[in-house]
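Please open the model in your viewer and keep the selection panel at hand, since each stop on this tour begins with something to select.

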2 protein chains.
Amino acid sequence: MSAVNKTAHAFDKTRFDALLNRRFFYAPAFEIYGGIAGLYDYGPPGSSLQANILAEWRRHFIVEESMLELDTTIMTPAPVFEASGHVARFADWMVKDTGNGEVLRADHLVKNVLEARLEGDREARGAAPVVVAAADDKKKKKKKQVKSTAVKLDDAVVAEYESILAQLDNYSGPELGGLMRTHAITNPTSGNPVGEPQQFNLMFASSIGPTGQHPGFLRPETAQGHFLNFSRLLEFNNGRVPFASAQIGRTFRNEISPRAGLLRVREFTMAEIEHFVDPLDKTHPRFSEVADVELVLLDKYVQAAGQTTTRTMTVGAAVAQGVIANETLGYFIARIYAFLLRIGIDGRRLRFRQHMANEMAHYAADCWDAEIQNSVGGWTECVGCADRAAYDLSVHSAKTGQALVVRQALKDPVVEERAAAEWDKKLVGKTFKGEVGAVSGAVDALDEAGLMRLKGELAQGPTTIKSAEGKEFTIEPGMLTIERKTFKTSIREFTPNVIEPSFGIGRILYCLLEHSFWSREQDVERGVLSLPAVVAPTKVLIVPLSARAEFDPLVKEVSLRLRKAGVHARVDDSNTSIGKRYSRNDELGTPYGVTLDFASVQNRTMTLRERDTMDQRIGSIDDVIAIVTELVLGGIDWTEACRRLPAYDGVQAVE
Amino acid sequence: MSAVNKTAHAFDKTRFDALLNRRFFYAPAFEIYGGIAGLYDYGPPGSSLQANILAEWRRHFIVEESMLELDTTIMTPAPVFEASGHVARFADWMVKDTGNGEVLRADHLVKNVLEARLEGDREARGAAPVVVAAADDKKKKKKKQVKSTAVKLDDAVVAEYESILAQLDNYSGPELGGLMRTHAITNPTSGNPVGEPQQFNLMFASSIGPTGQHPGFLRPETAQGHFLNFSRLLEFNNGRVPFASAQIGRTFRNEISPRAGLLRVREFTMAEIEHFVDPLDKTHPRFSEVADVELVLLDKYVQAAGQTTTRTMTVGAAVAQGVIANETLGYFIARIYAFLLRIGIDGRRLRFRQHMANEMAHYAADCWDAEIQNSVGGWTECVGCADRAAYDLSVHSAKTGQALVVRQALKDPVVEERAAAEWDKKLVGKTFKGEVGAVSGAVDALDEAGLMRLKGELAQGPTTIKSAEGKEFTIEPGMLTIERKTFKTSIREFTPNVIEPSFGIGRILYCLLEHSFWSREQDVERGVLSLPAVVAPTKVLIVPLSARAEFDPLVKEVSLRLRKAGVHARVDDSNTSIGKRYSRNDELGTPYGVTLDFASVQNRTMTLRERDTMDQRIGSIDDVIAIVTELVLGGIDWTEACRRLPAYDGVQAVE
């Protein structure tokens, strides 16, 4: 096998972007209409890559763990997002340029300007420029867009800027406004001052039906669709927890001013799991299978101390030591890790970062982001994995009055004796009429001691009781009997907790493309995408020597046999050299190629080429089809293929 | 094998709906919030069924025909739909109840009321009620919602009503308003009169970005995303046509008052193909493979004569006789037919109906709908297959100024001699300054004769020419030289035509469920969904005799081996009888079941049950896994499985 040096050339973003554009992995949507920021279309290789990532996701999570798949609507009536808190809180702070009206995200503006000043200070002090992309906080990851100029700052100012940047997620809108005034932060592209920060809700609004009576929003996540169907899902699972629902679908966020390619978009595909679990038992039956998996962790204590030092530890140890809150959360973090490696993410550029206390949603018990390092966003959140406790089911239950609970038969019924009130319904109804509810509510609100006190008072004669609204009612002794009774409970009722792994597919896809890209050592212009076969858009390229009719029967035969074996192949019979056709498919990430030439027609042989090494082997058509099928479907690796097929040197020279 | 009588009980819509609801195939979205008409969520079996239909669609079309897959955005800026004509014309006519404000679709109101009156007339004349659902026109298929009362009409009135109904698609909004006045049509649920019909655009509107500067719509079809990316797709295909792009995605239509379940919804999944083809050559290289396929056709001439008589003919004959416009259209119609049969649609309830001249979009050359018969909508359009000519590319090209064309090298260059004008650019620029464009445009607009006349005039001295805006310019002889020259064209440039097969996945899924449903002869309460294995949500049910730990190792082994073989299996170890578990899975459409019991533990045997016949066979675990894998992946049928495995009678009694 040939040696391959994938790091001969440093990563070149310009070459990388040119390749993605040239091969139509994705492109700005509505390009011929001038495009709209934050909206992208996926072309044939991008669509296939995405479809393959999703197919593997479905296999790895839904099939492997028998999850219940859902497909719920994107269009959502407003009351759902009022209950979930999105209408009130799913917002960013924006500021407007007072001169040209340009709208900027307030925290991004502060960050970009202060980072540029710090960079200028470092330059003035004679230090080499620092790559800002490696910053550790998730909101600090945007590519630097503000040019720095070499101006030295006072040491105290440097310290203050660094402190502001470290706490950027903590500031409210008015605080961000204050920082802009204090530090004379203006729009760097125009030099104009900006106005006060204003909240901007990120949900796209619309209206359902012809009369506008149903305001609606496009969902910013798929999660609510799971929660609203909880009771049906529970019934489908025979009334038992734990179980998980899973959904792959489009979501929408009306970002203020998206400029980070696929990392910040207004419409994207998410894959989300909601694992419903008993709050008293968050163990996981398959935890032992992942306990030894080693992860790179950045926990909240390290971050709170202003550090970004990661540590490597096993999932088992992390849960045992309380670094990760519980087994189920740890299990999913390990499964996320396995998934990302499987599709081709570089494990050295993957870490799990815990949310800090102030960063986490108030209801969440623990939350970890899988962060993948890339050239645009530094360490970028690509998967979130949160223990959302009982928040979601509770708020929808409160809003709708529907019980969203699990009812579990208890092995040993709980027996307890307590005071119980019984009304003479007829008499009470006649006396209080429309206020029966208020009266009985007032009694229901009493605790054991209160009830026994009331019993004593009634033994003396009529007494008064105050309703929740403060109104007094007089109760006659005959209306109410209070006795201690024995109650036996054989059902436990509880609101399950939710562990939520949530994947941003576009971000993962983008990072995967970056991690897969390199240039041939001998020619930097020859880019390669080393996508694993499991996600590669095309698995095998079929290359006839030319478009001549004599190759047609063999091309058809090989195509059909590969298709029947479940191996996605494509024919490239374009009018160009075999070498050029292979180069084009190196850029498309096609792992294997087979060539049909005159020897194939005469001897039924076929060569097999591996993308990364450009090694070529030769064998009978039957053998090559069998081996490439095993290569693609995961049975063997290239070393084994080389053991089975002799080397071929005939065509190598053409490249 | 047991005999199966699937028609022992007539189709029972109530039982069918109850099954779909009980097994959570789908349910109204936001049910706990009271629901919103026209929005549905798919539960686990519905999601899997849909995913399997789409996987088969992808295999049948995209893979089999090497189509270029796309994934474009749903959110679309307004100019795109202004160019496509959707902003002006993608609308229905609605009327408002003048009393309670209820909004109704105008054509549906006329149809429902007149049909109810005709039904009442038939009852008064003593005839048996007619099933309205079997009506032949696509807009006549809504379930009858208006109750008829037995009132005899004059023969002339009956004839008039029938004539109105036959032409319902032809009426404009004002005409529908006139019909309502003439025939005293009121809202049947309230008895109130309705107002004048008003146009209602069916696109959901939103706004992109924080400042509202980009009005946008949710796409009502995926097609525009293909057209806008045409140039990139063409380049990806090495500049050659024909090729096809394909896209599966969500689309949105804000229906006025949807009440037909999955047949008329506000958000749905479409799968669309845009096949780009040379307008001068609509032959198809694989046409011979489908020429002998027999189709049931309802052509436009038959319909125009007021008939609904279908005829059965081969695709080859239909194209040869001009019934279907061209080979490519015919090829796709045949491929659509094969796809629908493959996923389980009943061929006897499937026909292809040609659009009538007045029904077809003005730009379309020919259009056929695959109509599937069902109890809700009668013959319902589920797939459209249209020759859209060059319309779409032309309008976007005109709006954006981008050339959306194919450039084809001609084998024999075309040589022609014609007059050509050449300006003295410097002199013209100095003379006309900002009006150079108007002057040269005026000359460009001249034909051969006009140019030669101008040449003659200039030979005499200065002359005048009138611009398109009517302004006169004086041209001096030195400014312009006109000569006959020889032009050689070696490139042919043309706008390709588009053949568009467009699938409404939810409608297909609903019809498939109806066609698959029946009740056991011995017990009408025992429903079965005879879904083919290729689309069934679960292929094999694994049923341990009980949840006892001793069966666990075998359950795990069988699950793992089936999963590795690519067969989607599920374990049902719920605490109920084997018979009940099988019945539940008959309702879920699971084609096969295997039982693990004490004999399995002792002898490593396993029984295999077939859903429709309830036949049970027995064999070694190895043999049963091998055979069920072949059954599911399409190698053998049940007859062959019965030949290989002996019958088993032990458990039959339990059911």
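Begin with strand β26 of chain B, residues 592-596, in this predicted model: the strand is mostly covered, for 5 of its 5 residues are buried. In a regular strand the side chains alternate between the two faces of the sheet. Colour B:Tyr592, B:Val594 and B:Leu596, which lie on one side of β26(B), and then B:Gly593 and B:Thr595, which lie on the other, and you will have marked two faces that are both covered.

Which strands pair with β26(B)? Select strand β24 of chain B, residues 540-544, which runs parallel to β26(B) and is joined to it by 5 bridges; within this pairing, B:Leu541 has B:Gly593 as its bridge partner. Next select strand β27 of chain B, residues 605-610, which pairs with β26(B) in the antiparallel sense over 4 bridges, and where B:Arg609 is the bridge partner of B:Gly593.

Stay in chain B and select β4, β9 and β8, which in that order form an open sheet of 3 strands with antiparallel pairing. The edge strands of this sheet are β4 (75-77) and β8 (205-208), each of which pairs on one side only, and from one strand to the next the twist averages 45°. Between β8(B) and strand β9, residues 214-218, there are 4 bridges in the antiparallel sense, and if you label B:Ser207 you can look across to B:Pro215, which stands opposite in β9(B).

Now move to chain A, where 9 strands form an open sheet with mixed pairing, in the order β3-β10-β11-β21-β16-β15-β14-β12-β13. Its edge strands, each pairing on one side only, are β3 (68-69) and β13 (311-314). Helix α13 of chain A, residues 327-343, packs on this sheet and touches several strands, among them β11, β12 and β14, while its direction makes about 140° with that of β16(A). Two of the strands just named, β12 (residues 294-298) and β14 (residues 350-354), run parallel and are joined by 2 bridges, and A:Leu297 has its bridge partner, A:Phe352, in β14(A).

While you are in chain A, show the cysteines. A disulfide is a covalent bond between the sulfur atoms of two cysteines. How many disulfides does the structure hold over all chains? The number is 0. The sulfur of A:Cys382 is 4.0 Å from the closest cysteine sulfur, that of A:Cys511, which is too far for a bond, and A:Cys382 is buried, with a relative accessible area of 3%. For A:Cys385 the closest cysteine sulfur is in A:Cys367, at 7.6 Å, again too far for a bond, and A:Cys385 counts as buried at 2% relative accessibility.

Finally, show both chains together. Chain A can be laid on chain B with an RMSD of 0.3 Å by a turn of 180° and a shift of 0.0 Å along the axis, which is the relation of a two-fold axis. To find this axis from chain A, select A:Ser206, whose C-alpha is the nearest to the axis in that chain, 2.5 Å from it. The same surface serves both copies, as 100% of the contact residues of chain A recur in chain B.

The contact takes 81 residues from chain A and 81 residues from chain B, and the area buried between them is about 6700 Å², of which carbon and sulfur atoms give 60%. As a last selection, take A:Ile32, A:Tyr33 and A:Arg232, which supply 12% of the area that chain A buries against chain B, more than any other three residues.

Notes: Residues numbered from 1 in each chain as written. Chains lettered and ligands numbered in written order. Predicted model: local features only at pLDDT ≥ 70, side-chain atom pairs only at ≥ 80, totals over all residues. Heavy atoms only, no water. Least-squares fit on C-alpha atoms with pLDDT ≥ 70 in both. Contact = heavy atoms within 4.5 Å. Pairing = 2+ DSSP bridges. Axes fitted to C-alpha atoms, helices over the stretch in contact; angles between N-to-C directions. Disulfide = S-S within 2.5 Å. Buried < 20%, exposed > 50% of the residue type's maximum accessible area, 1.4 Å probe, protein only. Buried area = accessible area lost by both parts, 1.4 Å probe.
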